[in-house]
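Welcome! Here is a short briefing to read with the model beside you, moving from the sheet to the rings and then to the cores.

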Amino acid sequence: MIDFLYRLFFGWVEVTLVGRYPEEIISQLALSGQRLWAVKNTSKGYRFIAPLSCLPILRQILRGKHYHLHFGRRGGLPFKWRQFIARPFLGVGALTAVALIVVITSRIWIINVPATNLTPTAKIQLIAAAKAAGIHVGTPRRAINLSKSRLIMQRILPQYAFIGLSLHGVLLTVQVVPLITKPSNKLPHKMIAKHSGTVTSVLVYMGDPEVSPGEVVKKGQTLISGAVSAPVPLQPEGATKPLTDAVQTPAQGEVYADVRYKATVVQPYQFDEWVPSGHTFTQTFIQIGDNAPVLLQGYGSIPFRSYKTHKFVEPWRWQDVNLPVETVKIVYNELQRRRVMLSRKQALSRAIDRVSRRMHNMVHGGTKVRERRIIHWSNHSVSVQLIWVVNQNIAVPVTN
């Protein structure tokens, strides 16, 4: 943390030292009490990050010697201050933006009704009821009493069992639960198997079981049916056997079965992979609302041909309220191709790890009952096949 603050306040620059014995120069700098960071031996020479105060001492040490200096990235308040002086409109714009943000975030500007089961007319009625309760676009946040407004809206719209109001920054969200006078008839009429397997137990809560333990079922097969056979209350005279009738009921229950999963991975002894080189390039933006982001740091083109990006978004906050302003940092990590040579033991270990991760992604829930591993060796690779038998609930409801 101290090193970070030191670089921030006093400035820093990335230096590449090219010469015959660069270690000697770096040792002299360290012995003179200078702070150096990220010292690396690269193909172009020794690269390190040094404070601005180190540069005069470095030039004095190199006087009369055959060394070359190349300067790269730089940062810290001294450079930021120069950029601010060179672009004074940025400071004026930032102060204006902050003033607008303070004014804008103190009021309600959006009233949202996210319920998808409401008609456009019902949403308009809710917004009108909120306005009658003292909440409309432009209302100051400090003048809003959510509990009082909710009760007023409940009296205006008695067709809702519950009306909830929540305030997040400049957004007011209205959540409603309609008053239902009769139960829904969209209940599952049967339950089917989502995997093939051997049934181990059947638990029926409602409906009629169609399978029994020990039976082999296929994917899509009906496991529990909603049609339950019951005796007819009035039996006809002379009937040779009791008559029954089918009553349609919802199907609910659980059917556990042993399900077989299989995954195979082939791992060659030699392969190419992309790995980070340790070189990064950072661009920092500031974004206000839905406007286009403004670049603050990282001018110029990306210096890498192959790279992977990482995006970091940090919202601005004021009085525990998220402002419509974000700092967006994009870090470009250079990738370089590397040839990997594995021994037979390393290849086997890597193949087992890959096939295990693939199997965990395939299996969701349940208890592993058995595992079988099949290994096949060749002159160029090793193949690992993993077979799991997992006991899990395979019954899923069908409403259509």
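In what order do the five strands of the open sheet stand? The order is 11-9-15-21-20, and the pairing is antiparallel. Please keep in mind that this is a predicted model. The chain has 400 residues, and buried residues make up 32% of them. Its secondary structure comes to eight helices and 22 strands.

**The open sheet and its helix**

- Strand 11 (216–217) and strand 20 (367–377) stand at the edges of the sheet; each has a single partner strand, so one side of each is left without a neighbour there.
- Helix 8 (residues 344–362) packs on this sheet, where it touches strand 15, strand 20 and strand 21 (381–393). The direction of helix 8 makes about 150 degrees with that of strand 15.
- Strands of a sheet pair through backbone hydrogen bonds, either parallel or antiparallel.
- Look inside the sheet for strand 9 (residues 197–206) and strand 15 (residues 252–268): they run antiparallel and are joined by seven bridges.
- To find one residue pair between these strands, start at V202, whose bridge partner in strand 15 is V255.

**A buried glutamate**

- E14 has its place in strand 1 (residues 12–18).
- Is E14 buried or exposed? With a relative accessibility of 13%, E14 counts as buried, because the cut-off for buried is under 20%.
- Leaving aside neighbours within four places in sequence, E14 is in contact with R47, F48, I49, H70, F71, G72 and R73.

**Aromatic rings**

- A pair of aromatic rings is described by the distance of the centres and the angle of the planes.
- The count of aromatic pairs in this model comes to two.
- The ring centres of F281 and Y332 are 6.1 Å apart and their planes are at 40 degrees, so this pair is tilted.
- F281 belongs to strand 16 (residues 270–288) and Y332 to strand 19 (residues 321–341); with their positions 51 residues apart, the pair links distant parts of the chain.
- Both of these residues are buried: F281 has a relative accessible area of 11%, and Y332 has 9%.
- Y307 and Y332 form an edge-to-face pair, at 5.2 Å centre to centre with 75 degrees between the planes.
- This pair also links distant parts of the chain, as Y307 is in strand 18 (residues 307–318) and lies 25 residues apart from Y332 in strand 19.
- Y307 is partly exposed, with a relative accessible area of 33%.
- Ring pairs thus link F281, Y307 and Y332 into a cluster.
- Another ring to look at is that of W377: R344 lies over its face, at 4.2 Å from the ring centre.

**Nonpolar cores**

- In soluble globular proteins, nonpolar side chains tend to be buried together.
- Which residues have the most contacts inside the largest nonpolar core? They are L223, V255, M359 and I394, in a core of 32 residues.
- The elements that give two or more residues to this core are strand 8 (190–193), strand 12 (222–225), strand 15, helix 8 and strand 21.
- Not counting residues up to four places away in sequence, M359 touches Y261, K262, A263, L386, I387 and W388.
- Apart from the largest core lies another, of 21 residues, among them V113, A115, A129 and A130.

**Contacts along the chain**

- Of the contacts in the chain with a separation of 6 or more, 65% are between residues 24 or more positions apart.

How values were computed: Residues are numbered from 1 along each chain as its sequence is written. This is a predicted model: local features need pLDDT of at least 70, side-chain atom pairs count only at pLDDT 80 or more; totals for chains, interfaces and linings use all residues. Side-chain values use heavy atoms; hydrogens and water are left out. Two strands pair if DSSP finds at least two bridges between them. Helices (H or I, at least four residues) and strands (E, at least two) are DSSP runs, numbered from the N terminus. Contact means heavy atoms within 4.5 Å. Axes are lines fitted to C-alpha atoms, for helices over the stretch in contact, and angles run from 0 to 180 degrees between N-to-C directions. Buried means under 20% relative accessible area, exposed over 50%, partly exposed in between (1.4 Å probe, protein chains only). Rings of Phe, Tyr and Trp (its six-membered ring) pair if their centres lie within 6.5 Å; planes under 30 degrees apart count as stacked, over 60 as edge-to-face and the rest as tilted. A charge sits over a ring if NZ of Lys or CZ of Arg is within 6 Å of the ring centre and within 35 degrees of the ring normal. A nonpolar core is a set of buried Ala, Val, Leu, Ile, Met, Phe, Trp, Tyr and Cys residues joined through side-chain atoms within 4.5 Å.
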